[in-house]
Amino acid sequence: MKIPKRIASAVINSLKGGVVPRIGLPYIAVGRENEINALLHDVDIIADGGAAFRFIVGKYGSGKSFLLQTIRNYVMDRNFVVLDADLSPERRLQGTKGQGLATYKELIRNMSTKTRPEGGALTLILDRWISGVQNETAAESGLSPDAPGFSALVEKKIFAVINSLNEMVHGFDFARLLTLYYRSYINGDDEKKSMVVKWFRGEYTNKTEARTELGVNIVITDDDWYEYIKLFAFFLKQAGYSGMLVLIDELVNIYKIPNGITRQYNYEKILAMYNDALQGKARYMGIIMGGTPQCVEDTRRGIYSYEALRSRLAEGRFGREGVKDMLAPVIRLSPLTYEEMLVLVEKLADIHAGLFDYERTLTQDDLIDFIKIEYGRIGADTNITPREVIRDFIELLDIIYQNPSVKVKELLGSQEFRYAETEKEEKTDGDFAEFEL
């Protein structure tokens, strides 16, 4: 594989650090075809004006975040806008101290398109929309941008989009801000444009500040931020995009909230979002949330502790191992097979060799031996995750590259390697046990 070193470095360094790379995923994608196809089916529905809501459930390191980032790249190639955020103690879906608004801010900060995949695409999207309308008007009318009457034709198209938002919740205010942005764009008022963008980002702390600077009497809050996400989805479709996908990971941070009432408020928000998607109240929008089995299925603290969600999300009677309903709202990730992991480490070996300009020395037998050792440990069939295997393998590649005299088979067969692996497994088991307590 010929991979640019910038991408190869991002892939290797991210995986060694235990995180999912934002770029280069197609080079290391293995398995998950059924899951990806199911989610891409949702994407077609979203582009046709529908909405979708899915949960991706898997234990730590099983590939949830990898799958989310893979879908992110797929849909951006299909002209979607993607918003993504990880929940944390400071970022929740609902809160009394700005935690819900903090999630909204993170989503908007990470707004991404194919031409701006790293996030921060809001201003680009707004400018592209206005510029696109101008180009479309010029093509249809045959007028040049400085011709008399051209601006009136552009405004007519602009306001057709803006007026389509008025019937939605908070649509009038959203449309008013878009109008302000358009007029600032035409007049070259960059200061006013930045104020409007600041409002869309949820950065106005009170109504007085917003009224003084923009003349609007409303700001985005903990309680209504999701309504603005729905408005963005509808607007983006009118602005020429195929739709919008919202990715929210680390649901475990809701599970960890110590106050039961606060947890229930967050689950209530999930229910509202879920119902909106399935009942057609949201349009051109998909939502995918990622979490561990425990944070979803625990009937005491997890999502299933909220009966209205449990009754909607619990598995039916006909699913079993090897026969899964990929169209259900919850997609449970199965472990990658040994064969799939073998393909993955082979790809990583090639990428590593290309990054550091050396001829790959690991043979197919070496790779097989590595996989056998990783999965041959006691409890590996239930406890080991792709993240652990990948980190071990990249460490192995680094050691071999830096110490050419070291024989691979000796390293893999050494007692120190096997002992270190067993010790790490026991520590991991202890961490999980402590968490469960």
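Two strands pair if DSSP finds at least two bridges between them. Keep that rule at hand for the opening stops. The model on screen is predicted.

**Stop 1: strand 4**

Select residues 285–291, which make up strand 4. Of its 7 residues, 7 are buried, so the strand is largely enclosed by the rest of the structure. Now look at the directions of the side chains. Met285, Ile287, Met289 and Gly291 point one way. Gly286, Ile288 and Gly290 point the other way. Residues on both sides are buried.

**Stop 2: the neighbours of strand 4**

Add strand 1, residues 51–57. Strands 1 and 4 run parallel and share 7 bridges. Which residue of strand 4 stands opposite valine 57? Glycine 291 does. Arginine 54 also has a bridge partner in strand 4, isoleucine 288.

Next, add strand 3, residues 243–249. Strand 3 pairs with strand 4 in the parallel sense too, over 5 bridges. Pick methionine 244 here: its bridge partner in strand 4 is methionine 285.

**Stop 3: strand 1 and strand 5**

Stay on strand 1. This strand is mostly covered, with 7 of its 7 residues buried. On one side are Ala51, Phe53, Phe55 and Val57, and on the other are Ala52, Arg54 and Ile56. Both faces are covered. Arg54 is thus on the list of buried residues.

Bring in strand 5, residues 330–332. Strand 5 runs parallel to strand 1, and 3 bridges join them. Return to valine 57, which stands opposite arginine 332 in strand 5. In strand 4, valine 57 faces glycine 291.

**Stop 4: aromatic pairs**

Show the rings of Phe, Tyr and Trp. The count comes to 15 aromatic pairs. Zoom to phenylalanine 174 and phenylalanine 232. Their ring centres are 5.1 Å apart and their planes meet at 90°; planes over 60 degrees apart count as edge-to-face, so this pair is edge-to-face. The pair links distant parts of the chain. Phenylalanine 174 sits in helix 7 (residues 171–187) and phenylalanine 232 in helix 10 (residues 225–238), 58 residues apart.

Are these two rings buried or exposed? Phenylalanine 174 is buried, at 0% relative accessible area. Phenylalanine 232 is buried as well, at 1%.

Move to tryptophan 199 and phenylalanine 200. They form another edge-to-face pair, 5.7 Å centre to centre with 80° between the planes. Both residues are buried.

Now select the whole group: Trp129, Phe174, Trp199, Phe200, Tyr228, Phe232 and Phe235. They form one aromatic cluster.

**Stop 5: arginines over rings**

Select arginine 128 and tyrosine 241. The arginine lies over the face of the ring, 4.6 Å from its centre. Then select arginine 301 and tyrosine 255. Arginine 301 lies over that ring's face, at 5.4 Å from the centre.

**Stop 6: the largest cavity**

How many cavities of 30 Å³ or more does the structure hold? There are 4. The largest has a volume of about 50 Å³. To find it, select Ala349, Tyr358, Arg360, Thr361, Leu362, Leu397, Ile400 and Tyr401, which line it. Helix 18 (residues 386–402) gives the largest share of the lining, 3 residues. By class, the lining has 6 nonpolar, 1 polar and 1 charged residues.

Methods. Residues are numbered from 1 along each chain as its sequence is written. This is a predicted model: local features need pLDDT of at least 70, side-chain atom pairs count only at pLDDT 80 or more; totals for chains, interfaces and linings use all residues. Side-chain values use heavy atoms; hydrogens and water are left out. Buried means under 20% relative accessible area, exposed over 50%, partly exposed in between (1.4 Å probe, protein chains only). Helices (H or I, at least four residues) and strands (E, at least two) are DSSP runs, numbered from the N terminus. On a 1 Å grid over the protein atoms alone, a cavity is a set of points where a 1.4 Å probe fits but cannot get out, and a pocket is an open set with protein on both sides within 12 Å along at least five of seven lines; lining residues have an atom within 4 Å of a point. Grid points are joined across faces, edges and corners, and a volume is the space filled by probe spheres set on the points. Ala, Val, Leu, Ile, Met, Phe, Trp, Tyr, Cys and Pro count as nonpolar, Asp, Glu, Lys and Arg as charged, and the others, Gly among them, as polar. Rings of Phe, Tyr and Trp (its six-membered ring) pair if their centres lie within 6.5 Å; planes under 30 degrees apart count as stacked, over 60 as edge-to-face and the rest as tilted. A charge sits over a ring if NZ of Lys or CZ of Arg is within 6 Å of the ring centre and within 35 degrees of the ring normal.
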